[in-house]
Amino acid sequence: MGESDENLWSACVGGDADAFGALFNRHADAVFRYCLSRCGSWHDAEELVSITFLEAWRQRNKLKPQKDSLLPWLLGVATNANLNRARASRRYADFLTRLPHSDPRHDEHEADHAESVTSRVDAEREVHALLDTTAGLHEGERDVVILCLMNGISQEDAARTLGIRVGTVKSRLHRAKAKLTQINQTPAPVDQIDTTMIEARLS
């Protein structure tokens, strides 16, 4: 298991980049899978991971891991970063539609084609299929489904990630499961999706 997050984080506070690298190696996969399950884009998920760990490094003098794990806080940062990304993307797309002869879908397809890798496309397709199963849920219910059912995060850590009470997580999860059962949908865990190429990109 190695050193605890708390000990590694104490070293980070002192400026130890190797300790921060150890934390990155420990949690990057989980953060990436979570980001991918939120945004459905491999490229955007990679950017969100970078933003999340950059923010962790910048906050190293203020942050103290809860329950000896940095992961809930990292997932919280990733959640906020994804919301900001989505808002920025909407503003950008809106701006492009007002330009003469612009087609934002064309730009998007060109970018996708430039970095198209079969495994990435397959992973994105599977994630979008998973996200489709949560389409009928309220946002709060969807959050806990993505965290707990799709990413295997405990209800306690999901509460820390979202900044809500454990009881709220449990009630949202209960309602979400009831709705999903009613429409015969069960989101599969994200770790069943092949994201092995993450190692070459993030290590």
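Helices in this account are DSSP runs of H or I with at least four residues, numbered from the N terminus. With that in hand, a tour of this predicted model can start at Leu137, a residue in the loop that links α6 (118-132) to α7 (139-150). Leu137 has a relative accessible area of 11%, so it counts as buried, the cut-off being under 20%. Its contacts, leaving aside residues up to four places away in sequence, are with Arg142, Val145, Ala176, Lys179 and Leu180. Leu137 also lies 9.0 Å from Arg175, C-alpha to C-alpha, although 38 residues separate the two in sequence.

The helix that follows this loop, α7, packs with α2 (residues 17-39). The axes of α2 and α7 are 11 Å apart and make an angle of about 140°. Angles over 145 degrees would count as roughly antiparallel, and the pair is therefore described as oblique. The crossing of α2 past α7 is right-handed. On the α2 side, the contact is made by Tyr34, Ser37 and Arg38, which meet Asp143, Ile146, Leu147 and Met150 of α7. By character, the residues of this contact comprise four nonpolar, one polar and two charged.

Turning to the start of the chain, helix α1 spans residues 5-13, and its buried residues are Asp5, Leu8, Trp9 and Cys12. Viewed down the axis of α1, these buried residues fall within an arc of 100°, so they line one face of the helix. The spacing fits a general rule: an α-helix has 3.6 residues a turn, so residues three or four places apart point the same way. Just after α1 comes Gly15, with a positive phi of about 90°.

Key
Residues numbered from 1 in each chain as written. Predicted model: local features only at pLDDT ≥ 70, side-chain atom pairs only at ≥ 80, totals over all residues. Heavy atoms only, no water. Helix = DSSP H or I, 4+ residues; strand = E, 2+ residues; numbered from the N terminus. Buried < 20%, exposed > 50% of the residue type's maximum accessible area, 1.4 Å probe, protein only. Contact = heavy atoms within 4.5 Å. Arc of directions from axis to C-beta. Axes fitted to C-alpha atoms, helices over the stretch in contact; angles between N-to-C directions. Parallel < 35°, antiparallel > 145°, perpendicular 65-115°, else oblique. Left-handed = near helix turned anticlockwise from the far one by under 90°. Nonpolar A, V, L, I, M, F, W, Y, C, P; charged D, E, K, R; others polar.
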